[in-house]
Amino acid sequence: MLVYAFRRMGQALLVLFALTVLVFVGVWMIGNPADALISPDASMAEREAAIRALGLDKPLWQQYLDFVGGLMQGDFGNSFIYREPVTQILASRLGASLELAFAAFVLAVGISVPLGLYAGLYPDTRLSQAIMGFSLIGVSIPQFWQGMVLIILFGIWLAVLPVGGRGDTATVFGITSSLFTLDGLMHLLLPAVNMALLKMSLLIRVTRAAVMEVKGLDYVRFARAKGVRPYRIVTKHILGNIMLPLLTVLGIEIGNLVAYAVITETVFSWPGLGRLLISSIQVLDRPVIIAYLCFTALLFIVLNLIVDILYTVVDPRVRDAIHSGGAK
Amino acid sequence: MKMSGAASVAIISACAFFGTSATAQELRVGIAAEPVAIDPHFFRTGPNMSLRENISDALVYNNQTTGTIEPRLASSWEVDGTEWRFDLNPDAVFADGKAVSAADVIFSLCRVRNVPDSPGTFMSFIETIEAIRPEGERSLVISTKGPDPVLLESLSTIGIVQAPSDEPLEYDEADCGNSDWLSTQAFNNGSIEAGIGPYRVTSYRRGIDTVLERNDNYYGEAPHYQRVVLQAIPENGARIAALLSGGVDVIDAVPVNAIDQIYDNENLQLVSAPASRLIFFAFDQEGEPSPKITGTDGKNPLKDVRVRKALNLAVNRAQLVSTTMDGIAEEASSIVMANIFGANPDLPRIPFDPAQARELLAEAGYEDGFTMTISAPSDRYRNDTEVAQSVTQMLAAVGIDVSLETYPQSVYFDRANRFEYSMYLGGAGADTGEGLSQLLNLVHTRDPERGLGGANRGRYSSEKVDGLLQEALVTLDPEARRALLQEAQAVVYEDHGYMPLYHEVAVWAARADVHFEPNAGQYNILYTARPAE
């Protein structure tokens, strides 16, 4: 198990390394960050001073070596524009992104797994068809537009919810979050729903498909023939066995919620990582872009690892396979 | 683009139900671009300069709306050749109660060069200063290298911070013998105040908001609102939604496609001021062949004044302004905007005359036109891509085989600096609020060594214009200087050195019951805001 985890981590480091090279070369090919940053009216002397201050006067390979050197000491460097450690900047945005992801995740899972289960168990009922219709609409609507519609509907027309920003935060057990205040929750609701809608559609479909596959299998039929109560069949035999595909999807989706909330964060002025990424790309703030992408890669690697470990918990076959040496 | 009729009606009627979002003592402003730092010297960029105007007074204030210089920290000044004497206002006190002194001014002006890690300094505003010497605590004398007619305008951009030491520094063009320059982080986290202003920053949360509280010890007129919250809402739709829902009282940078909707809403008002920024197309007048022109046997047609004139005549500026910009712009025939110092009111409008344009092209030997790709940014100026598209069609109408390429600004200006365009869309403002800096930047022969012609990437060059501007640079008499600037523009006009399109108009939208004053420099002036009568 440990060997397996280490091997995964080794692969992850390789991926991260390739990523940093890519970003360096990519940004270098796009243009000079100094030109994106400074005022077009600035004098040549000001431009040169800026290029020197940002370390862009050195050749690219040396800039990269400097970066790697810093990385060895856990230093991702300073943002070109804010001139503060990027780790600090990312950390200041992470909280907002995490709480949004958490709220969206709870909404999505809490609603879509029961709905998917129902639609899978009774596929021919009216309600099931309605659920499936809803999920089709959910995947088809562009998130950007959907966000605007939510804002117009609940923020302007009905005027019951605020239309943007994070709202008040409170600190409980050392965690500062808007989840702990009413104002914060009100601000959180629309963006969380906006993000959850798309995930719900996907999760409903995955759950339903898995349920429909599992419920026709021999062991379910056998259990039913044996006279096991339907409730127990669903919770024990069906739910237990659809966990594998569901876990895989959930793992990736949590990552997506944290890392790629760009659209929702933009529409709702949510001060999370996604908005930071967009504004950093606009001014070619290379250190922030790199740190963000490394964080994202790391996030997905860790999530996949957790999912793999959870596999071994929910599925004895996987555990046995690993123990017998075939780490697949 | 525009919202459908039913939806906007719904929004308007919904707005009627709104009460006030906050107490009358608080003003909430939705801003498109947030300040990158509280430090007044850290970064020369619009949002930072806009905030600085409210929290850190300079020696003087440059009122771009009236074109006058008003006293701020300096209560009076006099000039004699290259010597400027300033008397400081003894009532202007920092947070600790100490009045502003010559030592603070010298420290601040010297810090401009030495602000740690700045991605873009204010250096060019202090370049002409040779020495500064204190005369007692409350006066100082600034001597410039030569006569500098725009010193006051330049000084109006530099906020004065409190020096860590009472002992005045020895001013020089390096580090003034000092090493403690106050870190930008200390300004951002509130451990150092940005200076003396009508407001002080009490909270700065990047990506969220900047909170200002009224400075009760301010020496000037007290602002009306006790608290101002600047909320960063970069997304256009979200910013308008925030205003419509009552979440904010004022928004800046109103996008063109929202103008009608706000205009029709009786609970809201539009506030605008003509801005100095000229939007133009520059012609490559150096490359041979020019990078984006083909079908001319290697010649650069843009070097021919007849071709440049033809292109200028081919553009229908009235239509551009009324249709593409929805009226939110002022047609331009020359560089400097009408109510900015140095504008030339005698230059006639450039007519729209496609027939003559064709004739001129034929005369220059391009009966069949030529093939050219014109370049524009896609995210730098309001409606930049749409404007470039319109111009592309207008040029095609006089027989030029023209196509358009657009780039995001992160790519665009880098390429412009490497002269990769033949005809490109740009914008340049009068940063100091008068025409000389704008002309030096745009029409003076490009000379990176001396910091001239920095935005002149088409490399228009005229000895006569250079001579006139050089003379204006050392002419202190305002009327004589004005005449020089006007003459220089007349030369550029005759040369068709540029294709001026329009001057931008800065637009804010506010609740109808809030009085908000527009600003030609596109700054958010918060201390004059108050409830409307």
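In the predicted model, chain B and chain A bury about 3900 Å² between them, and carbon and sulfur atoms account for 57% of that area. On the side of chain B, the residues that lose the most area to chain A are B:Pro119, B:Arg206 and B:Ser410, which together supply 15% of what that side buries. Counted by contacts, the interface brings 51 residues of chain B together with 45 residues of chain A.

Chain B contains 15 helices and 20 strands, and its C-alpha atoms fill a box of roughly 75 × 60 × 40 Å along the principal axes. Because a compact globule of 533 residues would be expected to have a radius of gyration near 24 Å, the value of 24 Å found for chain B agrees with that description. Of the 533 residues in this chain, 60% are buried, and among contacts with a separation of 6 or more, 70% join residues that stand 24 or more positions apart in chain B. The surface that chain B exposes amounts to about 19600 Å², with 48% of it supplied by carbon and sulfur atoms. Chain B carries 41 positive and 75 negative side chains, and the centres of these two sets lie 3 Å apart.

Chain A is built from 14 helices and two strands, and its C-alpha trace spans about 85 × 60 × 40 Å along the principal axes. Of its 328 residues, 47% count as buried, while residues 24 or more positions apart account for 73% of the contacts in chain A with a separation of 6 or more. The accessible surface of chain A comes to about 16000 Å², and 70% of this surface belongs to carbon and sulfur atoms. In chain A there are 24 positive and 20 negative charges, whose mean positions are 15 Å apart.

Within chain B, helix 2 (residues 46-55) has eight of its ten residues buried, so this helix is largely enclosed by the rest of the structure. Among the buried residues of helix 2 are B:Met49, B:Leu51 and B:Ile55, together with the charged residues B:Arg52 and B:Glu53. The buried residues of this helix pack against strand 2 (60-63), strand 8 (199-205), strand 9 (209-214) and strand 10 (227-232) of chain B.

Another position in chain B, B:Arg358, belongs to helix 10 (residues 354-363). Because its relative accessibility is 44%, B:Arg358 counts as partly exposed. When residues up to four places away in sequence are left aside, B:Arg358 touches B:Ala397, B:Val398 and B:Gly399. B:Arg358 and B:Arg138, by contrast, are 220 residues apart in sequence and 65 Å apart in space, C-alpha to C-alpha.

Some details of the backbone also deserve description. Most residues other than glycine have a negative phi, and most peptide bonds are trans. In chain B, however, the peptide bond from B:Glu288 to B:Pro289 is cis, with omega near 0 degrees, and B:Pro289 lies in the loop between strand 12 (268-283) and strand 13 (293-294). B:Asn383, although it is not a glycine, has a positive phi of about 60 degrees, and this residue is placed in the loop between strand 15 (371-377) and helix 11 (384-396) of chain B. In chain A, phi of A:Arg83 is likewise positive, near 55 degrees, and A:Arg83 is found in the loop between helix 4 (60-72) and helix 5 (86-121). With a relative accessible area of 10%, A:Arg83 is buried, because buried means under 20% relative accessible area.

Technical notes. Residues are numbered from 1 along each chain as its sequence is written. Chains are lettered from A and ligands numbered from 1 in the order in which they are written. This is a predicted model: local features need pLDDT of at least 70, side-chain atom pairs count only at pLDDT 80 or more; totals for chains, interfaces and linings use all residues. Side-chain values use heavy atoms; hydrogens and water are left out. Helices (H or I, at least four residues) and strands (E, at least two) are DSSP runs, numbered from the N terminus. The radius of gyration is taken over C-alpha atoms; the globule rule is 2.2 Å times the number of residues to the power 0.38. Buried means under 20% relative accessible area, exposed over 50%, partly exposed in between (1.4 Å probe, protein chains only). Contact means heavy atoms within 4.5 Å. Accessible areas come from the Shrake-Rupley method with a 1.4 Å probe; for residues, only the protein chains shown count as cover. The place of a charge is taken as NZ of Lys, CZ of Arg, CG of Asp or CD of Glu. Buried area is the accessible area (1.4 Å probe) that two parts lose on being put together, summed over both.
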